[in-house]
Amino acid sequence: GSGEEQMIQCYILSILYLLLSALLFLQNRYRVQLSSFLRLSSFLRENRKALGIFVASGFLLVFVLALLPLSPGPMVLGDLIPLLMITYDSLYFLIVFSRDEGESRKDYLDIGKESRKVFLGYLNIAVAVLHFIFPTFVLL
């Protein structure tokens, strides 16, 4: 049915969002291999409209994951782990990428420490892979 197709589309989009977030987190560590993501990162930092669309799409995915889980997942709870990860990613990009260059040098709220970003990158990959392998797994 149409509802099932929408859930599957949202499922695929959530995996893509998690992987894109992972690549953005890992871009500094793997500069040479992920050079195109350095361009994407700077594009998101410089273009507020593109950043807004990226973050809004993350929050829209969170909303849909919460309300339309893949069956047999429970209604409302949805796909909890990807939902929480995408929420964190969206908030991170909203806060960190929307700061002005001068502001990003300040230590307060500097979530941009390299080791934490690498950890978040690998965590996003793990969540995406687990979500892909076990699409109906829901943590209660």
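This is a working chat about the fold, the core and a few chosen residues of one predicted model.

Student: Before we start, what kind of model is this, and how are residues numbered?
Tutor: It is a predicted model, in which local features need pLDDT of at least 70 and side-chain atom pairs count only at pLDDT 80 or more, while totals for chains, interfaces and linings use all residues. Residues are numbered from 1 along each chain as its sequence is written, and side-chain values use heavy atoms, with hydrogens and water left out.

Student: Ok, how many helices and strands are there?
Tutor: The chain has 6 helices and 0 strands, where helices (H or I, at least four residues) and strands (E, at least two) are DSSP runs numbered from the N terminus. Along the sequence this reads as α-α-α-α-α-α.

Student: And how much of the chain is buried?
Tutor: Of its 140 residues, 38% count as buried, and buried means under 20% relative accessible area, with exposed over 50% and partly exposed in between (1.4 Å probe, protein chains only). The chain exposes about 8,100 Å², of which carbon and sulfur atoms supply 70%; accessible areas come from the Shrake-Rupley method with a 1.4 Å probe, and for residues only the protein chains shown count as cover.

Student: What share of the contacts join residues at least 24 apart?
Tutor: Among contacts in the chain between residues at least 6 apart in sequence, 71% join residues at least 24 apart, a contact being heavy atoms within 4.5 Å.

Student: Which residues touch the most other members of the largest nonpolar core?
Tutor: That core has 26 residues, and those touching the most other members are Leu18, Leu44, Leu51, Phe54, Ile86, Phe93 and Phe97. Helices α1 (2–26), α3 (48–67), α4 (80–97) and α6 each supply at least two residues of this core, and the largest share, 8 residues, comes from α3. A nonpolar core here is a set of buried Ala, Val, Leu, Ile, Met, Phe, Trp, Tyr and Cys residues joined through side-chain atoms within 4.5 Å. As general background, nonpolar side chains in soluble globular proteins tend to be buried together.

Student: What does Leu18 touch?
Tutor: Not counting residues up to four places away in sequence, Leu18 touches Pro82, Met85, Ile86, Asp89, Asn124, Val127 and Ala128.

Student: Asn124 caught my eye there; is it buried or exposed?
Tutor: Asn124, which lies in helix α6 (residues 114–133), counts as buried because its relative accessible area is 0%. Its side chain makes a polar contact with the side chain of Asp89 at 3.2 Å, a polar contact being a pair of N or O atoms within 3.5 Å; within protein, one must be able to donate a hydrogen and the other to accept it, and residues adjacent in sequence count only if both atoms are side-chain atoms. Leaving aside neighbours within four places in sequence, Asn124 is in contact with Leu18, Ser21, Ala22, Phe25, Met85 and Asp89.

Student: Switching to α1, why does Ser14 count as buried?
Tutor: Ser14, in helix α1, counts as buried because its relative accessibility is 0%. With neighbours within four places in sequence left aside, Ser14 is in contact with Leu61, Leu65, Ile86 and His131.

Student: Where is Gln27, and what does its side chain pair with?
Tutor: Gln27 is in the loop between α1 and α2 (35–46), and it counts as buried because its relative accessibility is 4%. The Gln27 side chain makes a polar contact with the side chain of Ser41 at 3.0 Å; these two residues are 14 apart in sequence and 8.5 Å apart in space, C-alpha to C-alpha.

Student: Back to α6, how far is Val118 from Leu26?
Tutor: The C-alpha atoms of Val118 and Leu26 are separated by 5.4 Å, although the residues are 92 apart along the chain. Val118 is in helix α6 and counts as buried because its relative accessible area is 8%.

Student: Last one, is Thr87 buried or partly exposed?
Tutor: Thr87 counts as partly exposed because its relative accessibility is 22%, and its place is in helix α4. The side chain of Thr87 reaches the backbone oxygen of Leu83 at 2.7 Å, and, not counting residues up to four places away in sequence, Thr87 touches Phe59 and Val62.
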